[in-house]
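I opened the model to look up a few things and kept notes as I went. The entries follow in the order I made them.

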Amino acid sequence: QVQLVESGGGLVQPGGSLRLACTASGDIFTIYVMGWYRQAPGEQRERVAVIRSDDSIMYAQSVKGRFTITRDNAKRTVYLQMNSLKFEDTAVYYCNADVSTTTSWGRYEYWGQGTQVTVSS
């Protein structure tokens, strides 16, 4: 089993900053990709930022220049630094990981339970 635990969400004013963190634990052999997705009310879940094991990074166009994703391999943790937050960044943010495990062949995708980010004045 693999668990993803997120932290760092909350309420922030427009223009403010938040930092999300997600730590993976359990029967992990290799983490290939970790990233963040978000889902606003009535909307589909969308990819925000992902970072691969080769340190390549992809950002959604809407967050480029404002959000930064980093990872600490030793801690199996991925961070999302969110600056210059806008009303439209309000959503539940989900951590995602693509991993191989010590107990099964193949690669598996896991999700965290989500953390609420609300941008409001």
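Which residue in S9 is the bridge partner of Tyr37? I found that Tyr37 has Tyr94 as its bridge partner in S9.

Before going on, I noted that this is a predicted model, where local features need pLDDT of at least 70, side-chain atom pairs count only at pLDDT 80 or more, and totals for chains, interfaces and linings use all residues. Residues are numbered from 1 along each chain as its sequence is written, and side-chain values use heavy atoms, with hydrogens and water left out.

Entry: pairing of S9. I took strands (E, at least two residues) as DSSP runs numbered from the N terminus, and counted two strands as paired if DSSP finds at least two bridges between them. S4 and S9 run antiparallel and are joined by ten bridges. S9 is also antiparallel to S10 (residues 107-111), with five bridges, and there Asp98 has Glu109 as its bridge partner. Five residues lie between the strands in the hairpin of S9 and S10, where Gly106 takes a positive phi near 95 degrees. With S11, S9 forms three antiparallel bridges, and I noted Ala91 opposite Val117 in S11.

Entry: burial and core. Buried here means under 20% relative accessible area with a 1.4 Å probe, protein chains only. Ten of the eleven residues of S9 are buried, so S9 is largely enclosed by the rest of the structure. I then looked at the largest nonpolar core, a core being a set of buried Ala, Val, Leu, Ile, Met, Phe, Trp, Tyr and Cys residues joined through side-chain atoms within 4.5 Å. Of its 30 residues, Met34, Trp36, Leu80, Met82 and Tyr93 touch the most other members. The largest share of this core, five residues, comes from S9. For Tyr93 I listed contacts (heavy atoms within 4.5 Å); leaving aside neighbours within four places in sequence, they include Trp36, Leu80, Met82 and Val117.

Entry: Arg71. I located Arg71 in strand S7 (residues 67-72). What is the nearest side chain of opposite charge to Arg71? The answer is Asp55, 5.1 Å away; Arg71 is buried and has no salt bridge. A salt bridge needs a side-chain nitrogen of Lys or Arg within 4 Å of a carboxyl oxygen of Asp or Glu. Arg71 does make a side-chain polar contact with the side chain of Asn73 at 2.8 Å; a polar contact is a pair of N or O atoms within 3.5 Å, one able to donate a hydrogen and the other to accept it. A polar atom of the Arg71 side chain also lies 3.3 Å from the backbone oxygen of Ile51.

Notes:
Helices (H or I, at least four residues) and strands (E, at least two) are DSSP runs, numbered from the N terminus. Buried means under 20% relative accessible area, exposed over 50%, partly exposed in between (1.4 Å probe, protein chains only). Lys and Arg count as positive and Asp and Glu as negative; His and the chain ends are not counted.
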